[in-house]
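Student: I should like to work through this structure step by step. May we begin with the surface of the chain?

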Amino acid sequence: MATLFDLPDLVLLEIFSYLPVRDRIRISRVCHRWKKLVDDRWLWRHVDLTLYTMRPKVMWHLLRRYMASRLHSLRMGGYLFSGSQAPQLSPALMRALGQKCPNLKRLCLHVADLSMVPITSLPSTLRTLELHSCEISMIWLQKEQDPTVLPLLECIVLDRVPAFRDEHLQGLTRFRALRSLVLGGTYRVTETGLDASLQELSYLQRLEVLGCTLSADSTLLAISRHLRDVRKIRLTVGGLSAQGLVFLEGMPVLESLCFQGPLITPEMPTPAQIVSSCLTMPKLRVLEVQGLGWEGQEAEKILCKGLPHCIVIVRACPKESMDWWM
């Protein structure tokens with residue numbers, strides 16, 4: 001009977017890739033062959049450390065011994081709510097990531113206190129930066145800071161970052177390579193701040209505004225004024241009306257549009273009104289409706305019949321997580 005040891009190396013590597021980091025290191029002690037496999041560059045391209053409260057000494061060991069130039073994407077927890085004795089992210093560690101991991105493209109930080117970590121210490125190779133439930137300082141993203149910081153940044157996700165406000169949003173305009181922006185639960189951002197910032201972020205191709213205090217109508221108005229080249233829009237339907245939907249009509253290159261519930265108001269456009277507006281968008285290929293209770297109802301049939309050239313997705317509930325692997 002064949003055993004685990006009889007499997008080819010490629011199959012074992014695929015199995016090992018699903019193991020948490022701690023278990024990968026443990027199995028390297030099983031035999032010389034497994035030790036060699038655990039040291040394979042392919043196994044350390046994507047690393048998730050959010051499962052552990054990791055001491056700085058262990059983190060530095062992983063960085064030097066396993067990750068280094070192999071690393072492409074990294075998820076880390078900052079232990080913001082773990083007590084004063086918990087390890088915290090440091091500028092030195094961020095700088096070391098940049099120096100020792102030249103291929104690092106994606107960094108996701110969870111529940112991290114970044115108030116003492118300047119943005120200038122982040123790896124300059126990053127193309128995607130995600131902040132989930134993190135604390136940042138008032139000067140973290142100010143426009144007046146060094147314009148050469150993160151020159152390759154294409155996507156930034158700000159999910160439940162309570163300090164994020166209009167000044168920070170304005171600061172994003174210095175990232176000239178930025179093409180994708182996700183705002184989730186950033187309740188300090190105002191309609192005026194969004195409109196002013198999008199005017200300078202006219203090159204964005206993807207915008208998602210979820211769980212914020214901004215009305216959908218005001219968001220769509222700002223998009224129609226400044227983001228004529230946007231290709232993907234996702235937003236919460238709070239404050240959405242038929243008049244707001246009209247703002248999107250004729251968007252020349254919009255390919256994907258998603259409305260996300262669960263809030264439904266009397267002003268919410270009908271399925272027929274949504275179809276009418278979508279038909280004016282020549283490039284639209286995907287329409288997604290989440291959490292509005294339309295699945296299996298007449299509303300879903302109207303959308304599918306009215307937009308035969310589109311992929312129409314009607315879901316019961318919005319996704320609970322904002323962690324996207326792109």
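Student: How much area does the protein chain expose, and what share of it do carbon and sulfur atoms supply?

Tutor: This is a predicted model, in which local features need pLDDT of at least 70, side-chain atom pairs count only at pLDDT 80 or more, and totals for chains, interfaces and linings use all residues. Residues are numbered from 1 along each chain as its sequence is written, and side-chain values use heavy atoms, with hydrogens and water left out. Accessible areas come from the Shrake-Rupley method with a 1.4 Å probe, and for residues only the protein chains shown count as cover. The protein chain exposes about 15300 Å², of which carbon and sulfur atoms supply 56%.

Student: What percentage of the residues count as buried?

Tutor: A residue is buried at under 20% relative accessible area, exposed at over 50%, and partly exposed in between (1.4 Å probe, protein chains only). Of the 326 residues of the protein chain, the buried share is 50%.

Student: Which residues of helix H7 are buried?

Tutor: Helices (H or I, at least four residues) and strands (E, at least two) are DSSP runs, numbered from the N terminus. Contact means heavy atoms within 4.5 Å, and the cover over the buried residues of H7 includes helix H6, strand E6, strand E7 and helix H8. In H7, which spans residues 191–200, the buried residues are Gly193, Leu194, Asp195, Ser197 and Leu198.

Student: How are H4 and H5 oriented to each other?

Tutor: Axes are lines fitted to C-alpha atoms, for helices over the stretch in contact, and angles run from 0 to 180 degrees between N-to-C directions. The axes of H4 (residues 56–67) and H5 (residues 91–100) come within 11 Å and cross at roughly 10 degrees. Angles under 35 degrees count as roughly parallel, over 145 as roughly antiparallel, 65 to 115 as roughly perpendicular and the rest as oblique. The two helices, H4 and H5, are therefore roughly parallel.

Student: Why is the sulfur of Cys134 not bonded to the closest cysteine sulfur?

Tutor: A disulfide is a covalent bond between the sulfur atoms of two cysteines. Here it is counted as a pair of cysteine sulfur atoms within 2.5 Å, and the structure holds 0 disulfides. Cys134 is buried, at a relative accessible area of 0%. Its sulfur is too far for a bond because the closest cysteine sulfur, in Cys108, lies at 10 Å.

Student: Is Ile313 buried or partly exposed?

Tutor: Ile313 belongs to strand E11 (residues 311–315). Leaving aside residues up to four places away in sequence, Ile313 touches Val286, Leu287, Glu288 and Val289. Because its relative accessible area is 25%, Ile313 is partly exposed.
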